[in-house]
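Welcome to this short tour. Open your viewer, get ready to select residues by number, and follow along stop by stop.

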Amino acid sequence: MKLASLKNDSRDGQLVLVSRDLSRCVPVPDVALTMQQLLDNWALLAPKLQQHYQALNSGSLSGEMPFNPAQCESPLPRAYQWADGSAYVNHVELVRKARNAEMPPSFWTDPLMYQGGSDDFIGPMDHIEVVSEDYGIDFEGEVAVITDDVAMHCSASDAASKIRLIMLVNDVSLRGLIPNELAKGFGFFQSKPSSSFSPVAVTPDELGDKWQDGRVHLPLVSTYNGKVFGKPNAGIDMTFNFGQLIAHAAKTRHLGAGAVIGSGTVSNKQGTEHGSAVDEGGVGYSCIAEIRMIETIRDGKPTTPFMRFGDTIKMEMLDEQGQSIFGAIDQQVVQYNAK
């Protein structure tokens with residue numbers, strides 16, 4: 001199934017089913033009004049919704065309308081839990097190398113994870129509002145899953161069985177604020193503003209054989225100011241799969257239905273020491289920080305600037321026929337002005 005939340009007068013949007021080709025959608029108030037209501041009652045409601053989905057794709061469901069991603073909230077406009085991992089250890093290794101820091105061996109066996117703000121996600125085509133360019137504005141292309149209830153201290157395989165939906169993420173980062181926050185020894189907060197998610201969340205079966213071993217085996221394409229910036233494959237170099245990430249998050253607590261778990265920045269080694277840009281024949285990068293790290297390692301200093309007001313970022317994942325699976329995150333950075 002493919003699902004979205006349309007903007008309305010509530011904080012949680014209106015749940016709609018979206019056709020497989022993303023051309024049409026239909027509200028399903030007889031099943032659930034919101035995405036969270038569906039997730040809270042997944043075992044009971046999902047089979048009913050699947051019947052509606054089949055009818056929508058066959059053209060036999062009444063009440064359908066054109067699907068417009070610009071009318072979408074993130075699939076969960078707000079969530080009880082948003083925990084972001086760093087499953088692509090290549091990305092972490094580059095960060096350490098750029099700082100001339102040792103790579104702790106535990107990073108290869110124990111996932112990194114932080115708890116982000118989940119009360120105010122940004123819509124997939126809404127502006128990214130930032131007070132100052134001096135904050136070091138960056139995008140981060142990721143994959144995320146939404147879970148059912150997850151029991152504390154579960155195994156990775158049990159955790160994987162609780163994955164209900166998959167979506168894309170732009171985990172906006174303010175790189176200029178990160179060093180001072182980390183120096184305090186208490187993690188990210190101000191440097192991690194609201195994230196945005198793809199217009200559509202999909203059930204794992206929609207990905208067919210591209211969903212294997214708790215990983216999405218497709219390129220994540222990031223287009224920065226109209227130019228392809230990165231297209232690394234999300235299934236390659238993912239050290240920890242989603243089952244492992246969820247189990248890590250649930251080691252000492254239960255996770256409630258609707259918990260969102262992120263993969264961290266998608267990053268490929270590309271068969272070289274540091275990887276290479278798209279215009280150099282490589283698969284590029286899913287964030288500006290990564291190319292800046294490589295410039296620092298190679299040249300002694302970074303030269304690629306962070307985002308400026310007016311810059312645009314688009315993130316999308318296509319199937320083998322070139323069709324968008326989740327719809328696109330398509331945003332512009334603007335200066336925030338308090339009203």
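Before we start, one term: a residue is buried when its relative accessible area is under 20%, exposed when over 50%, and partly exposed in between (1.4 Å probe, protein chains only). You are looking at a predicted model, in which local features need pLDDT of at least 70 and side-chain atom pairs count only at pLDDT 80 or more, while totals for chains, interfaces and linings use all residues. Residues are numbered from 1 along each chain as its sequence is written, and side-chain values use heavy atoms, with hydrogens and water left out.

**Stop 1: salt bridges**

A salt bridge here is a side-chain nitrogen of Lys or Arg within 4 Å of a carboxyl oxygen of Asp or Glu. The count comes to 15 salt bridges. Select Arg 24 and Glu 64: their closest N and O atoms are 3.1 Å apart. Arg 24 sits in strand β3 (residues 24-27) and Glu 64 in the loop between α2 (42-58) and β4 (65-66), so this pair ties together parts that are 40 residues apart in sequence. Helices (H or I, at least four residues) and strands (E, at least two) are DSSP runs, numbered from the N terminus. Glu 64 is partly exposed, at a relative accessible area of 32%.

Next, select Asp 171 and Lys 192, whose side chains meet in a salt bridge of 3.0 Å, N to O. Asp 171 is in the loop between β10 (163-170) and β11 (173-174), and Lys 192 in the loop between α5 (178-183) and β12 (196-197), so the pair ties together parts that are 21 residues apart in sequence. Are these two buried or exposed? Asp 171 is buried, with a relative accessible area of 1%, and Lys 192 also counts as buried, at 12%. Now add Asp 138, Glu 140 and Arg 175 to your selection, and you have a network of salt bridges that links them with Asp 171 and Lys 192.

**Stop 2: the nonpolar core**

A nonpolar core is a set of buried Ala, Val, Leu, Ile, Met, Phe, Trp, Tyr and Cys residues joined through side-chain atoms within 4.5 Å. Select Phe 67, Ile 166 and Met 317: of the 69 residues in the largest nonpolar core, these touch the most other members. A second, separate core has 33 residues, including Leu 17, Ala 79, Trp 82 and Ala 144.

**Stop 3: Ala 257 and Thr 147**

Ala 257 lies in the loop between α6 (242-249) and β18 (260-262) and is buried, with a relative accessible area of 5%. Contact means heavy atoms within 4.5 Å. Leaving aside neighbours within four places in sequence, Ala 257 is in contact with several residues, among them Gln 36, Tyr 80 and Thr 147. Select Thr 147 next: you will find this residue in strand β9 (residues 141-147), buried at 0% relative accessibility. With the same neighbours-in-sequence rule, the contacts of Thr 147 include Lys 162, Arg 164 and Ile 246. To return to an earlier stop, draw a distance from Ala 257 to Asp 171: their C-alpha atoms are separated by 21 Å, and the two are 86 residues apart along the chain.
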